[in-house]
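User: I am new to this structure and should like to understand the reasoning behind the terms applied to it. Please look at it with me.

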Amino acid sequence: ATHKRTHSGDRPFSCDKPGCEFRAAQEERTLTTHRCMHSGERSFPCDEPGCEYRAAQVGHLTVHTHTHSGKRPFACDKT
């Protein structure tokens, strides 16, 4: 059912924030993640001692942790 929405254009999960036209097609959790944008909720704290960074999405935290490790997994090869 979830995949079929990709083809049908059905987007049953809509944001209830006035003026926001966001509509999620795939899963309700996509809408839950979107709502964090409005609320400012940042549930994912950085584990690095002394760092106060908190992310709204776990993927953003993952990218942030590279600033501490120096890891650059997607470095540009163009010079």
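User: In which helix is histidine 64 found?

Analyst: In this predicted model, histidine 64 is part of helix H3, which covers residues 58-69.

User: Why is histidine 64 called buried?

Analyst: The term buried applies under 20% relative accessible area. Histidine 64 has a relative accessibility of 13%, and therefore counts as buried.

User: What is histidine 64 in contact with, leaving aside neighbours within four places in sequence?

Analyst: Its contacts are Cys46, Cys51 and Tyr53. Contact requires heavy atoms within 4.5 Å.

User: What makes leucine 61 buried?

Analyst: Leucine 61 also lies in helix H3. Its relative accessible area is 13%, and the limit is under 20%, so leucine 61 is buried. Not counting residues up to four places away in sequence, leucine 61 touches Phe44, Pro45, Cys46, Tyr53 and Ala55.

User: Which residues of H3 are buried, and what do they pack against?

Analyst: Leu61, His64 and His66 are the buried residues of H3. They pack against strand E3 (44-45) and strand E4 (54-55).

User: How do you know that the span of H3 is close to the expected one?

Analyst: The expected span is 1.5 Å times one less than the number of residues. For the twelve residues of H3 this gives 16 Å, and the helix reaches 17 Å from its first C-alpha to its last, which is close to that value.

User: Which residue follows H3, and what is its phi?

Analyst: Glycine 70 follows H3, and its phi is positive, near 80°.

Note on methods. Residues are numbered from 1 along each chain as its sequence is written. This is a predicted model: local features need pLDDT of at least 70, side-chain atom pairs count only at pLDDT 80 or more; totals for chains, interfaces and linings use all residues. Side-chain values use heavy atoms; hydrogens and water are left out. Helices (H or I, at least four residues) and strands (E, at least two) are DSSP runs, numbered from the N terminus. Buried means under 20% relative accessible area, exposed over 50%, partly exposed in between (1.4 Å probe, protein chains only).
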